[in-house]
Amino acid sequence: APAGKTAWTDDEALALVDTLLVGAELAGSPLPQINELGPAVVVSDFGNNAGLILGPPVPEWRRMLGTLEQDLRCETMIDDVVVGSGRASDIAGGLVAALRFALARCARRGMPLRAGQLVSTGAATGIHDIRAGQQARVRFEGIGDIHVAAAPAMPYKITWATAIARVEDFGIPLTLRGRLAIDVWHGRLRPLLKSAVTAMPRRDP
């Protein structure tokens, strides 16, 4: 995307899109109660984003633009119990509005979107808690299913992964407190504490 462009029409934003994929966004936080504490706490944890699970592409999505958001339905189940369902139209503002927002906001922060990046446009079925040992399935009507197995935490999660993709987080401090949080806590203390914990000898119960 052009570095200085901060206002986008629907057509301009859609012209940059190569593929529309269904998927599931993973959230992860050291605070188990984060979803119960509300949006302000989630935002303070950098959106609570831990990655994306990519599903199959939506076929002929450009031809379906007029009715796509009404027709694209999904359902989330955990241990075969339905915990949420919705349509793309349930996402506030719709899919294109989320893309336009991402394009404009990233450009204003000096980080224009680049070719190959993924944009998560929202959670149509909501946010759902899942615990280690549980199974989840996200069904996209007429497109396919995404199956998820929640595994116990492992060192760097490599044991349970079939592939590795680089993930980059950006933090822009606006206050002295924000700079302390990013530079001191996230940049220095948190990695040191994590290394210390993982280096501790394991104690069997």
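# Exercises on a predicted fold

Among contacts in the protein between residues at least 6 apart in sequence, 60% join residues at least 24 apart. Keep in mind as you work that this is a predicted model. Let's go through it together, one exercise at a time.

## Exercise 1: Getting an overview

**Task.** Find how many helices and strands the protein has, and in what pattern they follow one another along the sequence.

**Solution.**
- Step 1: Count the elements. The protein has 5 helices and 6 strands.
- Step 2: Walk along the sequence. The pattern reads α-β-α-β-α-β-β-α-β-β-α.
- Step 3: Look at burial and surface. Of the 205 residues, 21% are buried. The protein exposes about 14,900 Å², and carbon and sulfur atoms supply 57% of that area.

## Exercise 2: How confident is the prediction?

**Task.** Work out where in the protein confidence is lowest and where it is highest.

**Solution.**
- Step 1: Start with the whole protein. The mean pLDDT is 82, and 86% of the residues reach 70 or more.
- Step 2: Go element by element. Helix H2 has the lowest confidence, with a mean of 73, while strand E3 has the highest, at 94.
- Step 3: Use this when reading the model. Predicted coordinates should not be read in detail where pLDDT is low.

## Exercise 3: Building the sheet

**Task.** Put the strands of the 4-stranded open sheet in order, and say which strands lie at its edges.

**Solution.**
- Step 1: Write down the order. The strands line up as E4-E3-E5-E6, and the pairing is antiparallel.
- Step 2: Find the edges. Strand E4 (81-87) and strand E6 (144-149) each pair on one side only, and these are the edge strands.
- Step 3: Check the angle. On average, neighbouring strands of this sheet are turned by 15° against each other, direction ignored.
- Step 4: Count the bridges for each pair. E3 and E4 share 6 bridges, E3 and E5 share 5, and E5 and E6 are joined by 6.

## Exercise 4: Following a row of partners

**Task.** Starting from Ser85 in E4, trace bridge partners across the sheet.

**Solution.**
- Step 1: From E4 to E3. Ser85 in E4 is the bridge partner of Glu75.
- Step 2: From E3 to E5. Glu75 stands opposite Arg139 in E5.
- Step 3: From E5 to E6. Arg139 has Asp145 in E6 as its bridge partner.
- Step 4: Try another pair in E5 and E6. Arg137 stands opposite His147 in E6.

## Exercise 5: Two hairpins

**Task.** For the hairpin of E3 and E4 and the hairpin of E5 and E6, give the number of residues between the strands and name a turn residue with a positive phi.

**Solution.**
- Step 1: Take E3 and E4. Their hairpin has 2 residues between the strands, and Asp79 in the turn has a positive phi of about 50°.
- Step 2: Look along the loop between E3 and E4, where Asp80 lies too. Phi of Asp80 is near 65°, a positive value in a residue other than glycine.
- Step 3: Sort the two by exposure. Asp79 has a relative accessible area of 39%, so it is partly exposed. Asp80 counts as exposed because its relative accessibility is 64%, and the cut-off for exposed is over 50%.
- Step 4: Take E5 and E6. Here 3 residues lie between the strands, and Gly142 in the turn has a positive phi of about 80°.

## Exercise 6: Inside the core

**Task.** Describe the largest nonpolar core and name the strand that gives the most to it.

**Solution.**
- Step 1: Size and centre. This core has 20 residues, and Val58, Trp61, Leu68 and Phe140 have the most contacts inside it.
- Step 2: Contributors. At least two residues each come from strand E1 (21-27), strand E3 (73-78), helix H4 (95-108), E5 and E6.
- Step 3: The top contributor. E5 gives the most, with 3 residues.
- Step 4: A closer look at Phe140. Beyond its neighbours within four places in sequence, Phe140 contacts Val22, Gly23, Arg73, Cys74, Asp145 and Ile146.

## Exercise 7: A residue in a loop

**Task.** Decide whether Leu31 is buried, partly exposed or exposed, and find what it touches.

**Solution.**
- Step 1: Place the residue. Leu31 lies in the loop between E1 and helix H2 (39-44).
- Step 2: Classify it. Leu31 is partly exposed because its relative accessible area is 32%, and partly exposed lies between the cut-offs of 20% and 50%.
- Step 3: List contacts. Not counting residues up to four places away in sequence, Leu31 touches Leu37 and Val41.
- Step 4: Add a distance. The C-alpha atoms of Leu31 and Val41 are separated by 9.9 Å, and the two residues are 10 apart along the chain.

Conventions:
Residues numbered from 1 in each chain as written. Predicted model: local features only at pLDDT ≥ 70, side-chain atom pairs only at ≥ 80, totals over all residues. Heavy atoms only, no water. Pairing = 2+ DSSP bridges. Axes fitted to C-alpha atoms, helices over the stretch in contact; angles between N-to-C directions. Core = buried A, V, L, I, M, F, W, Y, C linked by side-chain atoms within 4.5 Å. Buried < 20%, exposed > 50% of the residue type's maximum accessible area, 1.4 Å probe, protein only. Contact = heavy atoms within 4.5 Å. pLDDT = per-residue confidence, 0-100. Areas by Shrake-Rupley, 256 points an atom, 1.4 Å probe, with all protein chains shown as cover.
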